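Got your viewer open and a selection tool at hand? Load the model below and follow along, one stop at a time.

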Amino acid sequence: MAEVALITGAAGGLGQALCRRFRESGYRVIALDRVGLDCAQDAAGCEVFVEADLETLCASPEGLASVLERIRGPLSPMTKQDGGNKQDGGLAVLVNNAACQVLGPVEALSVTDWQRSLCVNVLAPFLLTQALLPELMRARGSVINITSVHAKLTKPGFCCYATSKAALEGMTRSMATELGTRVRVNAIAPAAFATPMLEAGFAGRDEALRQLGEMHPVGRIGQPEEVAECALFLASPGAGFINGAVLRVDGGISSRLHDPL
């Protein structure tokens, strides 16, 4: 009886790796993203794709209800016959991976920038978790929030993004304390990973990309599959005593002090 994983931001670099890894491990994957169906389904290898914009989900109760209907629709057929009784694998994992990265100096940030960042990065994970609690509780499942190294360590131009990811980590801890006997809630905080978005930002700047890798004590940037492997572990029974944790998958960069020599 296959369990179900819902993964947001499925068409991005991390999202594709998450979908593939959970699917390889026997989960039935519902992938959610705002891009077109064919593109995302081909890229992520998901079983079911839900096209939805998280900003719309946050904008009104009707927007949220529409997205939930499209999520719950595929959940019902994800069943099998067992001794004549219909058994539902159930929604066992929610991975809140989708993110909005608004960059710019403090002086240039607008109310719209803040609203977009907080909606996609904080409010949408909350609303999805809240709404899907009945399904997650039935499966004694878990929620995994993908935060960022920027929640603790940041740099100029990342005010919106860093603030939203810090809020997501705080929400992870708070939810874990309240839901811990019913649903575990954890987070993963990646540093720099070899996603199409990062590589596009370094197009034509190979030396800068090499230097970025060397800034991490392990001497390289991460691979998306490494985040997916950590998420799979956090969702597993072997991680049953891990709750409210933030797993820093950052190549050691958050342990490194950058002082003048």
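What follows is a tour through strands, helices, cores and charged pairs.

**Before you click**

You are looking at a predicted model, so local features need pLDDT of at least 70 and side-chain atom pairs count only at pLDDT 80 or more, while totals for chains, interfaces and linings use all residues. Residues are numbered from 1 along each chain as its sequence is written, and side-chain values use heavy atoms, with hydrogens and water left out.

The element names come from DSSP runs: helices are H or I with at least four residues, strands are E with at least two, and both are numbered from the N terminus.

**Stop 1: the strands**

Select residues 4–8, strand β1, together with residues 28–33, strand β2. β1 and β2 run parallel and share five bridges; strands count as paired here if DSSP finds at least two bridges between them. To see one match-up, show A5, which stands opposite V29 in β2.

Now add helix α1, residues 13–24. Together β1, α1 and β2 form a right-handed β-α-β unit. Right-handed means that, with the strands pointing away from you, the path from the first strand over the helix to the second runs clockwise.

On to β3, residues 48–51. β3 pairs with β2, again in the parallel sense, over four bridges. Show D33 and you'll find its bridge partner in β3, E51.

Is β2 enclosed or open? Five of its six residues are buried, so the rest of the structure largely encloses β2. Buried means under 20% relative accessible area, exposed means over 50%, and partly exposed is in between (1.4 Å probe, protein chains only).

**Stop 2: the cores**

Stay in this area and select L6. Which residues does L6 touch? Leaving out residues up to four places away in sequence, the list is I30, L32, I71, L91, V93, L94, V95 and L132. Contact here means heavy atoms within 4.5 Å.

L6 is also one of four residues, with L32, L54 and L57, that touch the most other members of the largest nonpolar core, a set of 39 residues. Such a core is made of buried Ala, Val, Leu, Ile, Met, Phe, Trp, Tyr and Cys residues joined through side-chain atoms within 4.5 Å. There is a second, separate core of 27 residues, and A17, F22, A92 and A235 are among its members.

**Stop 3: helix α7**

Next, pick residues 159–179, helix α7. Its 21 residues should span 30 Å at 1.5 Å a residue (the expected span is 1.5 Å times one less than the number of residues), and the end C-alpha atoms are indeed 30 Å apart. Color the buried residues of α7, including Y161, L168, M171 and M175. What covers them? The cover includes α5 (111–131), α6 (133–138), β7 (142–146), β8 (184–190) and β9 (246–249).

**Stop 4: two residues of helix α5**

Click T129, found in α5. T129 is buried, at 1% relative accessibility. Setting aside neighbours within four places in sequence, T129 is in contact with L94, N96, V143 and M175.

Then try L118, also in α5. L118 is partly exposed, with a relative accessible area of 35%. With neighbours within four places left aside, L118 is in contact with L123 and S164. If you like using the distance tool, go from L118 to Y27: they are 30 Å apart, C-alpha to C-alpha, and 91 residues apart in sequence.

**Stop 5: the salt bridges**

How many salt bridges does the structure hold? There are 10, each one a side-chain nitrogen of Lys or Arg within 4 Å of a carboxyl oxygen of Asp or Glu.

Go back to α1 and show R21 and E24, whose side chains form a salt bridge at 3.6 Å, N to O. They sit three residues apart, about one turn of the helix. E24 is exposed, at 60% relative accessible area, whereas R21 is partly exposed, at 22%.

R21 also forms a salt bridge with E229, at 2.7 Å, N to O. Because R21 lies in α1 and E229 in α10 (residues 224–235), this pair ties together parts that are 208 residues apart in sequence. E229 is partly exposed, at 40% relative accessibility.

For the last selection, show R210 and E207, which meet in a salt bridge at 2.2 Å, N to O. Both are in helix α9 (residues 206–215), three residues apart. R210 is partly exposed at 39%, and E207 is partly exposed at 41%. Finish by showing R21, E24 and E229 together: salt bridges with shared partners join them into one network.
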